[in-house]
Amino acid sequence: MDKLKNLDDLKNLRLLLKEETFRPDTHRVKVCTGTACLASGSRKVVEEFEMAKGKGYELDIVKTGCQGLCQKGPVMKVEPEGYFYQKVKGNDVSDIISGTVSVGQPVRKLLYRDSFVNEPYELMDNLPFYKKQVRIALRNNGRIDPNNIYHYIAAGGYSSLEKVLSSMTPEDVLDVVKKANLRGRGGAGFPAGLKWEHSKKAPGKIKLVIANGDEGDPGAFMDRSIMEGDPHSLIEGMLICAYTLNAEYGFIYVRHEYPLAVKNLRIAINQAEELGLLGENILGTGMDFYLDIREGAGAFVCGESTALVASIEGDRGFPRPRPPRLSEPGGGAWGYPSNLNNIETYACIPPIIEKGVEWFLSIGTKNSPGTKVFALTGKVKNTGLVEVPMGITLREIIFDIGGGIIGDKEFKAIQTGGPSGGCIPASLLDLPVDFDTLTQAGSMMGSGGMVVLDEDTCMVDVAKYFLSFCQSESCGKCPPCRVGTYRMLQILEDITSGKGKPGDIERLLEMGKNINEGSLCGLGQGAPNPVLSTIRYFREEYEEHIYDKYCRAKVCKGLGVFRIEQSECFLCGLCEKACPYDAVKVTRDSYFIDQDYCTKCKACYLACPINAVKIEKAGARVMGQESKVS
């Protein structure tokens, strides 16, 4: 790999690579090798294609990052036809070679279908999952090999850096980022331009550029997919930031549990150094920038900026009081002024520089321009990674892109923003998704997690789950978070086990407010949100748990009165066998539940194959037996 000496070398290399790398007359298979598809067996698919190529078939094999539709993995795309294949196995490769590579015909059994009665979708661009997406941060995921810097350059990579170094001053770049109103994609939505400006004004010769890849939200993998599938877009964004701030050193903070991300980042940094895009005198411009990786231990609290800085320095990830801010002397890593953005924010910088402010502002909403990457998970048919324009509605994301609810059940709520986010009910399905509207609805953007919940979900149990995560991840430094979340969790555990008391809801609301106002960092300040939002929109479920001792979703143990519907029971006896407390009694022609022995453990309810065991509110009529419940 010859080192590029100047900007002209980079420009000429790009022109050469464009002609050679993605020739339109070449069959090219783009196999997803993101974490999800690797776990589903995409490595075997790649091996089979490589064996076929070794036998004389002419085709390019591109091992791409995450292509998004993780639910259907391993997935792949065949060019130039554009066919999209899902659930591909190693033994399917021979069919693809004989059918598509040889004669250009699709392999119908591998095409995506909405249902068995509908015709399959042949082309990737026609799939409902992709149709409403607009890819900016994920523009190269599924398109290039993340371990090949030449692929990135051929796809237009480092052209924005070239533009910045050749024709823009640091002030010009800052002005573009400010006018674009790029808001931080890490959760808070603070304008990146203002953050850069504050860091730029800080006194001192040494400044740091830091990328936050510590994505601690359960089920969230937006930043991870960029680091795995397009690491050079992150490096280019950080280089542009470094040029703007006159910073010479940068760090990418990644959790140790992301081995593929760490591996691909190291490869990308080494390639950029060898090519002269990192290090000393970059492209002969006199700019110096050195980039390193810091691996974290996976603490959720290290998503908070000051705890992250402490971890980078080698200390335990404890949040620190502010001021000073990270962008001020004494506040950043090792006391140096530091600019911190998350991975997705940096990845958006190159296309903004390349295409301009007006282009970026034309996407999304006035106060939240651009796109946002979400990890769509939960009870939705098509889970995976989606990038959508700001302002798209929740209904469009869940039903148009996600395909609707599994089993065509009723949609109940969607939890956004990770463990510190909130739950939004079905009545707000047409809510436009952007930073401000989600906050007004009692939730938040967060780093982009979206968990879809259906009619079988208990909202009190959901609140308990997310609060228990925040409580276990609390660093314990400040009492409002350490003690407050523990007490809230105790109350929720009582409510979901049938021990709730009048006044518990009011206590939760008061504690939540105090924790929010008194905690030192964002983890504690956001920890009560799942509880507060579910009380706001689903208060009746809390009241049923407390006053009726009943869980309408039939999720919580210790609640309700159990009975057997005689007209439905076909006397299989499985309920009697499952009951560990001898509460299920049998007569000559029926089974019934003795309320004196019943502990509400749900064993009989779960064992019944025809749902003849019913759970009713306490005090309800119990057919054929005397209820001992007051």
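Buried means under 20% relative accessible area, exposed means over 50%, and partly exposed lies in between (1.4 Å probe, protein chains only). The model is predicted, so local features need pLDDT of at least 70 and side-chain atom pairs count only at pLDDT 80 or more, while totals for chains, interfaces and linings use all residues. Residues are numbered from 1 along each chain as its sequence is written, and side-chain values use heavy atoms, with hydrogens and water left out.

**Exercise 1. Salt bridges around Glu544**

Task: Find the salt-bridge partners of Glu544 and say how exposed each residue is.

Solution:
- Step 1. Start from the criterion: a side-chain nitrogen of Lys or Arg within 4 Å of a carboxyl oxygen of Asp or Glu.
- Step 2. Arg552 meets it, with its closest N and O atoms 2.9 Å from those of Glu544.
- Step 3. Lys617 also forms a salt bridge with Glu544, here with the closest N and O atoms 3.7 Å apart. Lys617 lies in the segment after strand E18 (613-616) and Glu544 in helix H22 (residues 529-548), so this pair ties together parts that are 73 residues apart in sequence. Helices (H or I, at least four residues) and strands (E, at least two) are DSSP runs, numbered from the N terminus.
- Step 4. Now add accessibility. Glu544 counts as buried because its relative accessibility is 11%. Arg552, at 35%, is partly exposed, and Lys617, at 33%, is partly exposed.

**Exercise 2. A buried pair**

Task: Look at Arg563 and Glu565; are these side chains buried or exposed?

Solution:
- Step 1. Their side chains meet in a salt bridge of 3.0 Å, N to O.
- Step 2. Arg563 has a relative accessible area of 8%, so it is buried.
- Step 3. Glu565 is buried as well, at 11% relative accessibility. For context, the structure holds 42 salt bridges.

**Exercise 3. The surroundings of strand E1**

Task: Work out how E1 is paired and covered.

Solution:
- Step 1. Two strands pair if DSSP finds at least two bridges between them.
- Step 2. E1 pairs with strand E3 (residues 76-79) in the antiparallel sense over four bridges; Val78 in E3 is the bridge partner of Val29.
- Step 3. E1 pairs with strand E2 (residues 60-64) in the parallel sense over five bridges, and Cys32 stands opposite Thr64 there.
- Step 4. Check the two faces: Arg28, Lys30 and Cys32 on one side are buried, and so are Val29 and Val31 on the other. Five of the five residues of E1 (residues 28-32) are buried, so the strand is largely enclosed by the rest of the structure.
- Step 5. Finally, a network of salt bridges links Arg28, Lys30, Asp60, Lys77 and Glu79.

**Exercise 4. From sheet to core**

Task: Describe the sheet that contains E5 and E6, then turn to the largest nonpolar core.

Solution:
- Step 1. The sheet is open and has five strands in the order E7-E8-E6-E5-E9, with mixed pairing. Its edge strands, E7 (279-282) and E9 (338-342), each pair on one side only.
- Step 2. E5 (residues 208-213) and E6 (residues 249-255) run parallel and are joined by six bridges. Val209 stands opposite Gly250 in E6.
- Step 3. A nonpolar core is a set of buried Ala, Val, Leu, Ile, Met, Phe, Trp, Tyr and Cys residues joined through side-chain atoms within 4.5 Å. The largest has 76 residues, and Tyr158, Trp196, Ile252 and Phe289 have the most contacts inside it. Helix H11 (residues 231-245) gives the most to this core, with nine residues.
- Step 4. With contact meaning heavy atoms within 4.5 Å, and leaving aside neighbours within four places in sequence, Phe289 touches residues including Val209, Met238, Gly250 and Ile282.
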